[in-house]
Amino acid sequence: MNLMKMTAIELGRKIKKREVSVTEAVTAALDAAERKEPQLNSFVTIDRDGARKQAGIVQKRLDEGEIDNPLAGVPVAVKDNMCTKGLLTTCSSKILYNFIPTYTAQAVLSLEQAGAVVIGKTNMDEFAMGSTTETSAFGETKNPWNLSHVPGGSSGGSCAAVAAGECTYALGSDTGGSIRQPSSFCGVTGLKPTYGTVSRYGLIAYGSSLDQIGPVAKDIADCAAILETIASYDKKDSTSIRRDDYKFTEALIDDVKGMKIGIPGDYFGEGLDEDVKNAVLKAAERLKEKGAIVEEFDLSLVPYAIPAYYIIACAEASSNLARFDGVKYGYRAKEYEGLHNMYKKSRSEGFGAEAKRRIMLGSFVLSSGYYDAYYLKALRTKALIKQAFDRAFEKYDVILGPTAPATAPKLGESLSDPIQMYLGDIYTISVNLAGLPAVSLPCGKDRAGLPIGLQLIGDCFQEKKIIRAAYAFEQTRNYAYSPFAEV
Amino acid sequence: MANIISDETIEYIGILAKLELSEEEKERAKKDMSEMLAYMDQLNELDTDGVEPMSHIFPVSNVFREDVVTNTDGSKDTLFNAPEKKDGGFLVPKTIGS
């Protein structure tokens, strides 16, 4: 019995029935990670001692009937931009190389209260800025399907770890596609909830108006169960939203009869890889065969989402990352002359190239004389993009398209041309601008054997519709949830 | 809009962003920023007259509460990660007259 091939729900069920102990489950993950890490580098930190200790505590809570969550005892990996009390949290940046939080992010705390066991912290693009996990200060993560390719990013470590069976599921964060795009590249299922659904308390901020935490798992049933556990109204997050319905697993129904699915024609134009296009359209066909009404439409404004996003995200990043100054935590330069020089040197030595690029761009678009022309223009464009989605959702329950224009690129090919790299975010980014929920799930492989992701987008608070469509599609896939690569 | 980033602009951004760039980094930043801004200028093709800038997706308003202390002294935690500390405070280089 290979415990690491099970979904979280399956493993949780075995633990509940006492067929598998929590220690066995957690040890299986730790051992798998230890074996595979030399090749993959999905983790920044593996907490063997902490996880084994926690396993004992959770087993006791289970034995005493204190917890009854389907995820109890199941090992999870957490992206390294979520604070974990007593456990190194680096954002994959040198500037936080020694940061040990004194509190735990609310989403992680909710999992722990439900009995989940955190086995470690996953690698990412520095401060979640990137699409390949190559901007990490702690080395790149490799794609488990093909070690000469990137896993995507910025939650590349979380997605690679799930795909390779180094953990059963993981948490990621998504600012412009950072859960969905690496999920697509690694052949796993990743869901970005409606903005405000999962508390951002303890998530180290990149673009606060866009950031959302979400699950990365083997299938949609796991994602729904994880989301049900981490979603909550939290007064510690001023943008947290109180929702009427948190029962996401109720939407796991194999029935899309009469569901209206729109395919944006403008997602299928120039720049889309032929294999990706075919696989995604075939998925649409499957849903149509199951009774969904599938139609093509024009979403409009698609190319404008990228410049608007980079202006807004960089502006927010320049403000959010001002707190890293060598005073309160993290890296302080060794030699400096006076306070201002200490700030400057600590930041210049501590941040990597992409973080600096975005901080500078953000500082520029917010500066006097350019604020209206760039920042306000981007916020106006965001309003138009939101309106375009509002119009689409008057007609459709779900929007279906590719997650990314292509499958995972080779290592070392992306960072030299930032604009080209940013273009890879074209299908994911507008979802963040409009605050919508969206999921990426595997729908095939390209001719090189690399996974292809199908993206399903819902209107705000309509996670259940995309979960239902994803679940119905999964029933038609001939390889169910088996994204496991030989590593 | 002129998108040629001058040396002065890069210096100014360095001050705003509190970053000290090497000559090589400055040249790279000039090139990158000029390209990015030229790319971002395509937003000018869009007519946004009369469109309100949208900061928040959802209508948000201030959330008020009574000003009651609910936490305990957290100074130990606050200082836990400080690179240098002294007498219950963050230690920084001297900033006023010697």
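The largest nonpolar core, a set of buried Ala, Val, Leu, Ile, Met, Phe, Trp, Tyr and Cys residues joined through C-beta atoms within 7 Å, has 174 residues, and those with the most contacts inside it are A:V76, A:I119 and A:I311. Its largest share, eleven residues, comes from helix 9 (residues 305-320) of chain A. This is a predicted model, in which local features need pLDDT of at least 70, side-chain atom pairs count only at pLDDT 80 or more, and totals for chains, interfaces and linings use all residues. Residues are numbered from 1 along each chain as its sequence is written, while chains are lettered from A and ligands numbered from 1 in the order in which they are written.

**Around the core**
- Apart from neighbours within four places in sequence, A:I311 is in contact (C-beta atoms, placed from the backbone, within 7 Å) with A:V365, A:Y374, A:Y375, A:A378 and B:M40.
- Of the 487 residues of chain A, 63% count as buried, a residue being buried if 20 or more other C-beta atoms, placed from the backbone, lie within 10 Å of its own.

**Chain A overall**
- Chain A holds 15 helices and eleven strands, which are DSSP runs numbered from the N terminus (helices H or I, at least four residues; strands E, at least two).
- The C-alpha trace of chain A spans about 65 × 55 × 45 Å along its principal axes.

**Helices 2 and 3**
- The axes of helix 2 (residues 22-40) and helix 3 (residues 48-63) of chain A, lines fitted to C-alpha atoms over the stretch in contact, with angles from 0 to 180 degrees between N-to-C directions, come within 8 Å and cross at roughly 155°.
- Helix 2 and helix 3 of chain A are therefore roughly antiparallel to each other, a term for angles over 145 degrees.

Key
A residue is buried if 20 or more other C-beta atoms lie within 10 Å of its own, exposed if 12 or fewer, and partly exposed in between; C-beta atoms are placed from the backbone. Two residues are in contact if their C-beta atoms, placed from the backbone, lie within 7 Å. Angles under 35 degrees count as roughly parallel, over 145 as roughly antiparallel, 65 to 115 as roughly perpendicular and the rest as oblique.
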